[in-house]
Amino acid sequence: MLVSYELVDDIGVITVNNPPVNALSHGVREGLVTALATAQADSSKAIVLLCEGRTFIAGADISEFGKPPQAPSLPEVNAAIEGASKPVIAALHGTALGGGFEVALSCHYRCAVSDAAVGLPEVKLGLLPGAGGTQRVPRLIGVEAALDMIASGKPVTAAKALKLGLIDRVVDAPLKAAALAYARELVAEGAMLRRVRDMTVPAEDASAEQFASWRTTLGKRMRGQQAPQRIVACVEAASRLPFDEGLAFERGQFVECTESEQSAALRHIFFAERQAPKVLGLDPASQPRPIQRVGIIGGGTMGGGIAMCFANAGIPVTLLELNQDGLDRGLALIGKNYGITVSKGKLSEQEAIRRERLIRGTTDYADLGEVDLVIEAVFESMEVKRQVFARLDEVCKPGAILATNTSYLDVNEIARVTSRPQDVVGLHFFSPANIMRLLEVVRADDTADDVLATAMAIGKRIGKVPVLARVCFGFIGNRMLRQYAREAQLCMIEGASPEQIDGALTGFGMAMGPLAVGDLAGLDIGYKARQALTDAQKGDPKSYCIADALVEMGRLGQKSGAGYYRYDPETRARSVDPEVLEVIEAQASKHGVSPRALSSDEILDRHLMALVNEGFRILEEGIAQRPGDIDVAYVHGYGFPAYQGGPMFYAAQRGLASVRDRLKALQRQTGAGYWEPAPLLERLVSKGKSLDDWMAEKH
Ligand code: T1G
């Protein structure tokens, strides 16, 4: 039963049991209303509401959004709870989130075990608390604390919730017994039916200026997103209107959010993040191998960041460098990064020391003899990587997983130098590795199923979103990025300035524009990679001549103080540099290009179409398992705005036929073969099918 009811002596107990997270599906809402009616009619003196399983209600059932609403709605359930004639006590464990916490807020009292957390994460789904959260929370904790909680969507620990006044008691497990005791205590002291709706919002932090400053702050912090602004409007309504009018205003705002494209995109990403770690067709019997110790080869920026990922998850790391100097530099860099995190108040000094102590340095390969997983993060040269893997094959124990952090080299070729290619896999981290959430798991031809299962599991364990990719040049992310970067170069040589190009993409919501990203990563990286390619492989010189010219002038990007922009040595502030415009002009005349005015729409479109078309090729070749995997990769690895859903979701929303037609128009306009619509796209359009249809047919 989704919701059950029992009378324990004189206390009624309502129990929700809807695994995995007790989401408030239609059945649960109905069950709650029925159980409440039973409790109201029997001899119980108070009612305890709790959940089975790993958590209290973690929210509305997100999979029900976009479908016709079914009664009772959550506001109706909450009104029934708050209107009960007997005290209702919410007993919280796990994560009481969203609609789940709103249910708790409609109860008259709340208790929680110490490791519980409460939160209203709706904003992460492009929504807002639509069942009283924006009206009840400010009544309990004031406007500032309420906006901080609801606009950030961050969970609050039980201890902090008690301090804020969101809950009334932190109890010891077992929860049910403690909650029953608390209920009896309330009955004994004749506790009143304390309805949050009857409270008023403290006026001291509810001025118009306050709300205006929140709108400005959120306008910057959550650029382009609609829900945060609606949240401010709802909390403002709570401080201005009687409860029921505020609730109605909130509901209206909520419904508009549920119908918004931004929320559809963010809900798509929510489920795509949870699908990505699942490897289709994997032998269900293949269990992850235990990973208790990890080795990292290379103490540079990537190696150090990767080591921190494992130490942050409590896994001991052996970091190997060729010599002591290199090792000292690597460990010092890690220490510096932890220091920065502590100085930002994101980590305590003790915790930083504890994590740093989990990272042990060595210059001796023999010290990797007992690790369960080793990740190579050395210089991007096939020869160097082959030498490292041959050495690892000698020293690592049987069953150890040998992984490479290469961002584009052939993992099959690396695996072939070992006697155990089945134990070789690509684990492609993104810089800064201890921050970026994307992890491309690269499946080589011989990679064993349990090695893949292990890679996905360890990826989640270190807080990453693992996405499976097959071997090709640049895997999923970087392969698409080459097409995207090509358009940035061509738009420049055709007449658009770096500022205009970056502005077009940041206007769409990209965290940074393609040229600013180039300056951040270093223009010399791409330059060196191009030096290793033939002219044919490099493609049209117009697509890299400006970048080459800048590098040959010593303009490597931020690290040299100048690239497509100039950077203030102190503040690193970026500014337009007329010298770059001269370089662009010179290259345009050298390559016979007459500059013209490009609209920001054209610039944006060409970048998005370049990503999307390559995405279709990647799906057709089986390099990526699902369109959602590509979307998750771009959101967590390349700064694609989650509220746009990722390149493939964007294409689906826009309409595959319109995408195909736009590509054909670009092909006619430029005569360039790479604008030829991908065969999969052509096929789907010709059959009037969607990517979801294609996925359903494929599996
Ligand atoms: N609805 C439907 N399915 C859900 C769900 C939900 N709210 N939450 C989780 N799942 C599924 C998920 O897809 C996965 O399925 C499985 O449960 C385990 O999840 C009116 C409008 C609770 C912290 O935003 O943050 O309430 O892949 O892998 O890592 O105001 O899930 O196994 O098939 O993430 O342990 C607000 C969303 C909703 C919380 C657990 N609530 N969930 O994390 O497991 S909007 C949220 C989470 C709302 C009201 C509004 C996390 C978690 P599958 P998991 P986890």
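**Backbone geometry, strand pairing and charged contacts in the predicted model**

Asn22 is placed in the loop between β2 (11-16) and α1. The model is a predicted one. In it, the phi of Asn22 is near 50°, a positive value in a residue other than glycine. Asn22 counts as buried, because its relative accessibility is 2% and the limit for a buried residue is under 20%. A second non-glycine residue with a positive phi is Phe475, at about 50°. Phe475 belongs to the loop between β17 (465-470) and α18 (477-493) and is buried, its relative accessible area being 0%. Gly655, which comes just after α27, has a positive phi of about 105°. In helix α27 itself (residues 647-654), the buried residues are Pro647, Met648, Phe649, Tyr650 and Ala651.

Most residues other than glycine have a negative phi, and most peptide bonds are trans. Cis peptide bonds are found at two proline positions described here. One joins Ala71 and Pro72, with omega at about 0°; Pro72 sits in the loop between β3 and α2. The other runs from Ser431 to Pro432, with omega near -5°, and Pro432 is part of the loop between β15 (424-429) and β16 (438-443).

Strand β6 (residues 109-113) has five of its five residues buried, so the strand is largely enclosed by the rest of the structure. Tyr109, Cys111 and Val113 point to one side of β6, while Arg110 and Ala112 point the other way. Strand β6 pairs with strand β4 (residues 88-92) in the parallel sense, over four bridges, and Ala90 is the residue opposite Arg110. Strand β6 also runs parallel to strand β9 (residues 169-171), to which three bridges join it. Within β9, Val171 is the bridge partner of Val113.

Strand β13 (residues 373-376) likewise has buried residues pointing in two directions: Leu373 and Ile375 one way, Val374 and Glu376 the other. Its pairing with strand β10 (residues 294-297) is parallel and extends over four bridges. Pairing between β13 and strand β14 (residues 401-404) is also in the parallel sense, again over four bridges. Val374 takes part on both sides, standing opposite Gly295 and having Leu402 of β14 as its bridge partner.

The count of salt bridges comes to 52. One of them joins Lys86 and Asp42, whose closest N and O atoms are 3.4 Å apart. Lys86 lies in the loop between α2 (74-82) and β4, and Asp42 in the loop between α1 (26-41) and β3 (46-51), so this pair ties together parts 44 residues apart in sequence. Lys86 is buried, with a relative accessible area of 10%, whereas Asp42 is partly exposed at 23%.

A salt bridge is also formed by the side chains of Arg197 and Asp244, with an N to O distance of 2.8 Å. Arg197 is located in the loop between α7 (175-188) and α8 (208-221), and Asp244 in helix α10 (residues 243-258); the pair therefore ties together parts that are 47 residues apart in sequence. Arg197 is partly exposed, with a relative accessible area of 29%, and Asp244 also counts as partly exposed, at 46% relative accessibility.

In the salt bridge between Arg566 and Glu579, the closest N and O atoms are 3.9 Å apart. Arg566 is in strand β18 (residues 565-567) and Glu579 in helix α24 (residues 578-590), with these positions 13 residues apart in the chain numbering. Arg566 is partly exposed, its relative accessible area being 37%, and Glu579 is partly exposed at 32%. Elsewhere, Arg486, Glu487, Glu494, Arg596, Glu602 and Arg606 are joined into one network by salt bridges that share partners.

A surface patch of positive charge gathers Lys124, Lys154, Lys160, Lys163, Arg221, Lys344 and Lys346. Of these, Lys346 is in the loop between α13 (324-343) and α14 (349-357). Lys346 counts as exposed, because its relative accessibility is 64% and the limit for an exposed residue is over 50%.

Conventions: Residues numbered from 1 in each chain as written. Predicted model: local features only at pLDDT ≥ 70, side-chain atom pairs only at ≥ 80, totals over all residues. Heavy atoms only, no water. Patch = residues over 30% accessible without salt bridge, like charges linked within 9 Å, V, L, I, M, F, W, Y side chains within 5 Å. Areas by Shrake-Rupley, 256 points an atom, 1.4 Å probe, with all protein chains shown as cover. Salt bridge = Lys/Arg side-chain N within 4 Å of Asp/Glu carboxyl O. Lys, Arg positive; Asp, Glu negative; His and termini not counted. Charge placed at Lys NZ, Arg CZ, Asp CG, Glu CD. Buried < 20%, exposed > 50% of the residue type's maximum accessible area, 1.4 Å probe, protein only. Pairing = 2+ DSSP bridges.
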